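The questions below ask how certain labels are earned. Each answer sets a value against a definition.

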Amino acid sequence: MIMFERFVGLELAYYRALKKRASLPREDVKNLAAQEKGYAGECVYDRIFDEVGHDSVYVFRDIYLGIEGRAAQYDSLIVSDDGIVVNEIKNYSGNYRYEKGTWYIGKSPVSDDALSQLRRAIGKLVKLRYQVQGKFDISGKIVFPNIEFRLQSSDDDLWENVVLRSGLRSYLGQFKNMYAGRVGEDIAELIRSHIVPNTYFDKYADFSAVRKGLYCSECGGFELENRYLYMTCQDCSKTEKKETHVLRAISDYKALFLNDKLTKQRFMEFIDYKVSERTVFRIFNKYCNQITKGKWTYYEFRYRDFDEAYQNHELLNRYKDKV
Ligand SMILES: [Zn+2]
């Protein structure tokens, strides 16, 4: 049972939105690629776990737990009556080697030590268990879901702690023999009660520097022809509803300007007045909560991102591409 779904993380959402509206410096291009790769690996892991089935256990995907005043991130936690299993997912590809506590790709040492990360992640849960005087097991594995990943090591301790893609299906299959009853439920509740927001992410785009307007979802072009309810891309001819465009812009705004209030004036500026204020108002009311404080009115997007909002509004789906 999935207790907590995986979503595109704040950092990946930020870079994806920024890339559409600014040219990224090299460092950010690298960050974006790393984020995309990590997320893709997590999705492979999730898909295989979904296929194998996880009905008898509780699964938490991509959560932050507040333990001893700090937030710790977990890619996947599996809870049963036996305890908690931590899966640290690493979408590495290429030929890796592990020797005496160091990872190498080819001959170069890798700065991340996945094994220490796993141990730290387990260690934090051990502290949590201690706080509640719990009596359950806590263990974990580093999962490498990439089919292009090769690992060499003579370290038995490491092999005890890793799952490669070739063994992933049978590894995840073993959770079908586990069961979450009263004890598992209590552990899941303990985890749930410690979930905190991601407090590490603090990137914020420069409003004056990002490109204003609306862009085509197909080719990214900003030259759109206005046709009543629709807009047509002048580069690739893709036609999309205005509503879809505005929704994507609301999602971008949220990703780029974390904690910055969404007001109608600011949003109109963000989309370079490409649709009327009346249209924006109608779409805000459909997808956002209106908050009024004295003379000030702002909006809060009711969804995590474009995809979640889009999936929740069937009508929009039905008409998006059929023009
Ligand atoms: Zn286009």
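Q: What makes one face of strand 13 (residues 230-233) covered and the other uncovered, and which residues lie on each?
A: Met 231 and Cys 233 form the covered face, while Tyr 230 and Thr 232 form the uncovered one. In a regular strand the side chains alternate between the two faces of the sheet. The model is predicted, so local features need pLDDT of at least 70 and side-chain atom pairs count only at pLDDT 80 or more, whereas totals for chains, interfaces and linings use all residues. Residues are numbered from 1 along each chain as its sequence is written.

Q: How do you know that strand 12 (residues 224-227) and strand 13 are paired?
A: Four bridges join strand 12 to strand 13, and they run antiparallel. Two strands pair if DSSP finds at least two bridges between them, so the label applies. Strands here are DSSP runs of E with at least two residues, helices are runs of H or I with at least four, and both are numbered from the N terminus. Opposite Thr 232 in strand 13 stands Glu 225. Two residues lie between the strands of this hairpin, where Tyr 228 has a positive phi near 55°.

Q: How many bridges support the pairing of strand 13 with strand 14 (residues 239-241)?
A: Three bridges, in the antiparallel sense. Tyr 230 has Lys 241 in strand 14 as its bridge partner. This hairpin has five residues between its strands, and Ser 237 in the turn has a positive phi of about 70°.

Q: Why is Glu 68 called exposed?
A: Glu 68 has 9 other C-beta atoms within 10 Å. A residue is exposed if 12 or fewer other C-beta atoms lie within 10 Å of its own, buried if 20 or more do, and partly exposed in between, with C-beta atoms placed from the backbone. Glu 68 therefore counts as exposed. It sits in the loop between strand 2 (58-67) and strand 3 (70-80), and has a positive phi of about 50° although it is not a glycine.

Q: Is Gln 133 buried or exposed, and what makes it so?
A: Gln 133 is exposed, because it has 6 C-beta neighbours inside 10 Å. Gln 133 lies in the loop between helix 3 (114-131) and strand 8 (137-144). Its phi is positive, about 55°, although it is not a glycine.

Q: What is the reach of helix 2 (residues 26-52) set against?
A: The expected span is 1.5 Å times one less than the number of residues. Helix 2 has 27 residues and reaches 39 Å from its first C-alpha to its last, close to the 39 Å expected. Its buried residues are Gly 41, Glu 42, Tyr 45, Asp 46 and Phe 49. They pack against strand 2, strand 3, strand 4 (83-89), strand 8 and helix 5 (165-173). Just after helix 2, Gly 53 has a positive phi of about 100°.

Q: Why are strand 7 (108-109) and strand 9 (149-153) edge strands?
A: Each has a single partner strand, so one side of each is left without a neighbour in the sheet. The open sheet has four strands in the order 7-6-5-9, with mixed pairing. Within it, strand 5 (residues 94-99) and strand 6 (residues 102-105) run antiparallel, joined by four bridges.

Methods. Two residues are in contact if their C-beta atoms, placed from the backbone, lie within 7 Å.
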